[in-house]
Amino acid sequence: MFTGIVEELGEVTAVEQLEEASRFRLRGPLVTEDAKHGDSIAVNGVCLTVVETAAGEFTADVMQETLNRSSLGALTTGSRVNLERPMALGGRLGGHLVQGHVDGTGEIISRTPSEHWEIVKVALPKNLSRYVVEKGSITVDGVSLTVVEAAADWFTISLIPTTLALTTLGIKQSGDPVNLEVDVLAKYVERLLAAGVNPLHATGDAR
């Protein structure tokens with residue numbers, strides 16, 4: 001589980017194409033300082049398993065399913081990436097609950113800078129539209145953000161200078177793909193309601 005608060009702006013140092021998979025080597029001195037084989041690290045919002053670490057870098061195998069459902073397949077040597085370690089139980093939840101399971105990809109439509117922030121408009125797959133609401137939370141390339149406006153096929157986010165400086169959202173351009181993860185709580189509620197279950201009494205407790 002993650003919070004969507006990016007810890008480090010990393011870099012892809014190598015990409016190896018395998019049969020129906022890819023192996024990435026990524027530089028991230030901060031996120032690898034206590035990482036070991038089998039640990040999880042979110043890369044642009046995608047939860048990946050650490051295969052090995054060495055000298056501030058780690059490798060991760062990405063299966064075809066993940067490449068199909070996310071923008072990781074577009075990464076090349078030198079690409080910058082957002083990195084985050086899993087949240088520690090008992091720590092502060094700075095963003096919102098993020099699984100690192102990408103629901104789909106969007107595309108940056110436009111960027112509108114102002115003196116103290118920047119408004120970014122992102123194309124939204126229609127199958128995810130019902131989960132995105134004004135003032136709700138969404139994860140874009142692993143960054144926990146608040147939705148400013150929500151339409152049927154797009155939404156906007158407001159980026160402060162810190163987010164622009166410390167994540168890849170500061171360098172993404174119109175037309176660039178981004179990974180999207182919607183609020184998992186909304187998906188659970190939808191599933192319960194579709195099954196005719198009252199979420200307030202889902203356990204069958206009569207109290």
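1. Where is the place of L97? L97 sits in the loop between β6 (80-84) and β7 (104-113). Helices (H or I, at least four residues) and strands (E, at least two) are DSSP runs, numbered from the N terminus.

2. Basis of the model. This is a predicted model, in which local features need pLDDT of at least 70 and side-chain atom pairs count only at pLDDT 80 or more, while totals for chains, interfaces and linings use all residues. Residues are numbered from 1 along each chain as its sequence is written, and side-chain values use heavy atoms, with hydrogens and water left out.

3. Exposure of L97. L97 counts as partly exposed because its relative accessibility is 34%. The classes are buried under 20% relative accessible area, exposed over 50%, and partly exposed in between (1.4 Å probe, protein chains only).

4. Surface patch. L97 joins M1 and L93 in a nonpolar surface patch. Together they have about 260 Å² of accessible area. Patch members have over 30% relative accessible area and no salt bridge; nonpolar side chains (Val, Leu, Ile, Met, Phe, Trp, Tyr) are joined within 5 Å, like charges within 9 Å. A salt bridge is a side-chain nitrogen of Lys or Arg within 4 Å of a carboxyl oxygen of Asp or Glu. Areas come from the Shrake-Rupley method with a 1.4 Å probe; for residues, only the protein chains shown count as cover.

5. Record annotation. UniProt, in an unreviewed entry, places "repeat: Lumazine-binding" at residues 1-96 and 97-193. "Domain: Lumazine-binding" is listed there for residues 1-96 and 97-193. Such annotations may be inferred rather than shown by experiment.

6. The two spans. Residues 1-96 are 6% helix and 45% strand, with end C-alpha atoms 10 Å apart. Residues 97-193 are 16% helix and 41% strand, and their end C-alpha atoms lie 21 Å apart.

7. Barrel. Six strands close into a barrel, in the order β7-β8-β11-β10-β9-β12, with antiparallel pairing. Neighbouring strands of this sheet are turned by 45° against each other on average, direction ignored. Axes are lines fitted to C-alpha atoms. Two strands pair if DSSP finds at least two bridges between them.

8. Pairings of β7. Six bridges link β7 to antiparallel β8 (residues 118-123). P113 has E118 as its bridge partner in β8. A hairpin of four residues connects β7 to β8. β7 also pairs with β12 (residues 177-182), antiparallel, over four bridges. There, G104 stands opposite L180.

9. β9 and β10. Strand β9 (residues 137-140) runs antiparallel to β10 (residues 143-150), with four bridges. V140 has V143 in β10 as its bridge partner.

Technical notes. Axes are lines fitted to C-alpha atoms, for helices over the stretch in contact, and angles run from 0 to 180 degrees between N-to-C directions.
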